2 protein chains.
Amino acid sequence: MPGTSPVTTPARERTRREIVRQAMDLFQARGYNATSLQDIATAAGCSKATVLYHFSGKPAVLAAVLEPAAADVAELVKAAAELSRADAQELAIQSFIDLAVEHRGVVDVLQDILPVIEQMPEVGKLVTDGMQLTQYMAGSDDPLEHDLAKFAINGLLGECRHSGERTDDELRRLCDIALRRLLRRG
Amino acid sequence: MPGTSPVTTPARERTRREIVRQAMDLFQARGYNATSLQDIATAAGCSKATVLYHFSGKPAVLAAVLEPAAADVAELVKAAAELSRADAQELAIQSFIDLAVEHRGVVDVLQDILPVIEQMPEVGKLVTDGMQLTQYMAGSDDPLEHDLAKFAINGLLGECRHSGERTDDELRRLCDIALRRLLRRG
DNA sequence: ATCTTGCCTGACCGATCGGCCAGTTTTCAA
DNA sequence: TTGAAAACTGGCCGATCGGTCAGGCAAGAT
């Protein structure tokens with residue numbers, strides 16, 4: 001019987017992953033809007049029709065590119081919900097830096113989508129979770145602290161873009177210093 | 001004689017300004033790439049051909065939209081060049097906040113162009129001046145301080161986006177606090 | 001050997017883009 | 001009043017976009 005995923009679904013998953021891989025690189029380099037399905041297909045070594053055979057449309061490709069990062073963020077929000085305020089803030093600072101550094105490419109992509117992000121249901125969850133994370137990072141109900149947390153996230157995301165020559169550790173260290181200065185935690 | 005600008009160059013300048021005005025609003029709301037020449041023409045109450053009669057192309061419209069902000073930044077860089085290091089840093093912090101708040105729309109537009117900004121000669125001067133301003137804002141040759149200045153600018157620009165409900169004064173005050181915390185100046 | 005299923009593709013579609021041009025309308029000095 | 005310059009426009013162009021569809025092709029089951 002062919003059901004319940006044989007071993008790794010040889011061809012199916014292999015092509016799908018290659019498309020997502022190349023789409024990520026192209027979205028990061030040129031932006032989502034400036035990347036065509038033909039560009040993705042050529043980079044992945046298949047035809048444009050193949051891309052649309054595996055994905056229902058260009059937004060579906062975007063969702064697949066964003067999915068790993070979205071899952072990590074969702075998990076982080078869930079974990080922070082069960083902590084005390086101070087612990088949640090500390091976790092948010094540490095883990096958000098790690099996630100942003102690890103998923104640099106996703107940060108690039110999101111920036112290019114921002115002007116029309118409200119009209120893209122496939123990234124709604126990620127955006128909502130991101131705003132929730134801002135709440136935890138603020139650490140208090142003071143509007144000023146909340147705004148500073150947003151300021152910090154903007155700076156953090158900006159720093160993760162076009163950071164090709166910086167190592168992950170350097171980037172992590174810089175963001176850690178900046179966030180703690182902004183939020184007055186050390 | 002018709003030369004040397006009569007009083008206000010009646011029709012010519014009026015249409016030109018209206019096009020730039022509407023283009024600014026549309027670029028800010030939907031982004032540069034998502035705005036077509038037809039959109040601009042319709043908003044300005046003229047035809048697409050008229051837009052291309054006044055401007056050599058879409059990038060020329062962008063340049064006109066960015067021009068006032070670019071001029072202000074260029075003037076700021078020039079002024080900072082004649083000051084001591086500490087004074088230049090203080091001027092950069094204060095004036096950059098003022099400019100970013102005043103030209104909120106331009107900040108939005110620039111964000112949308114970022115992935116392909118290297119290929120747009122009409123914004124090259126503005127980008128160069130912005131990087132020069134980062135040097136002044138850092139206040140020292142310490143790479144860490146320079147990175148923190150970049151971090152601050154990213155946060156500042158991010159905060160100026162989608163800030164419709166915030167007043168200019170609130171925005172200025174927030175940015176002032178954030179920058180001084182990041183750069184350890186008060 | 002035949003058939004079915006899943007993976008893939010070339011060719012094509014309508015829509016929209018930035019840009020161009022011939023020609024019309026408006027303006028204004030002589 | 002007239003005529004030329006300026007301002008403006010409808011219509012068209014080639015290119016490219018996201019997306020659809022009928023069919024080719026390899027592989028495993030019968």
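Copies are superposed here by least squares on the C-alpha atoms of residues with pLDDT of at least 70 in both. This is a predicted model: local features need pLDDT of at least 70, side-chain atom pairs count only at pLDDT 80 or more, and totals for chains, interfaces and linings use all residues. Residues are numbered from 1 along each chain as its sequence is written, while chains are lettered from A and ligands numbered from 1 in the order in which they are written.

**Stop 1: the axis.** Select chains A and B. A turn of 180° with a shift of 0.0 Å along the axis lays chain A on chain B, with an RMSD of 0.0 Å. The two copies are therefore related as by a two-fold rotation axis. Now pick Gly155(A). In chain A, its C-alpha is the nearest to the axis, at 1.9 Å.

**Stop 2: where the chains touch.** Contact requires C-beta atoms, placed from the backbone, within 7 Å. By that rule, 22 residues of chain A meet 22 residues of chain B. Select helix 6 (104-113), helix 8 (143-160) and helix 9 (168-182) of chain A; each gives two or more residues to this side. Helices are DSSP runs (H or I, at least four residues), numbered from the N terminus. Helix 8 of chain A gives the largest share, 9 residues.

**Stop 3: DNA strand C.** Which residues are the closest to DNA strand C? They are Arg12(A), Cys46(A), Ala49(A), Ser36(B) and Gly57(B), among 18 that surround the strand. To count as near, a residue needs its C-beta atom, placed from the backbone, within 6 Å of the strand. Finish with helix 1 (10-30) and helix 3 (48-54) of chain A, then helix 2 (37-44) and helix 3 (48-54) of chain B: each gives two or more residues to this surface.

Terms used
Two residues are in contact if their C-beta atoms, placed from the backbone, lie within 7 Å.
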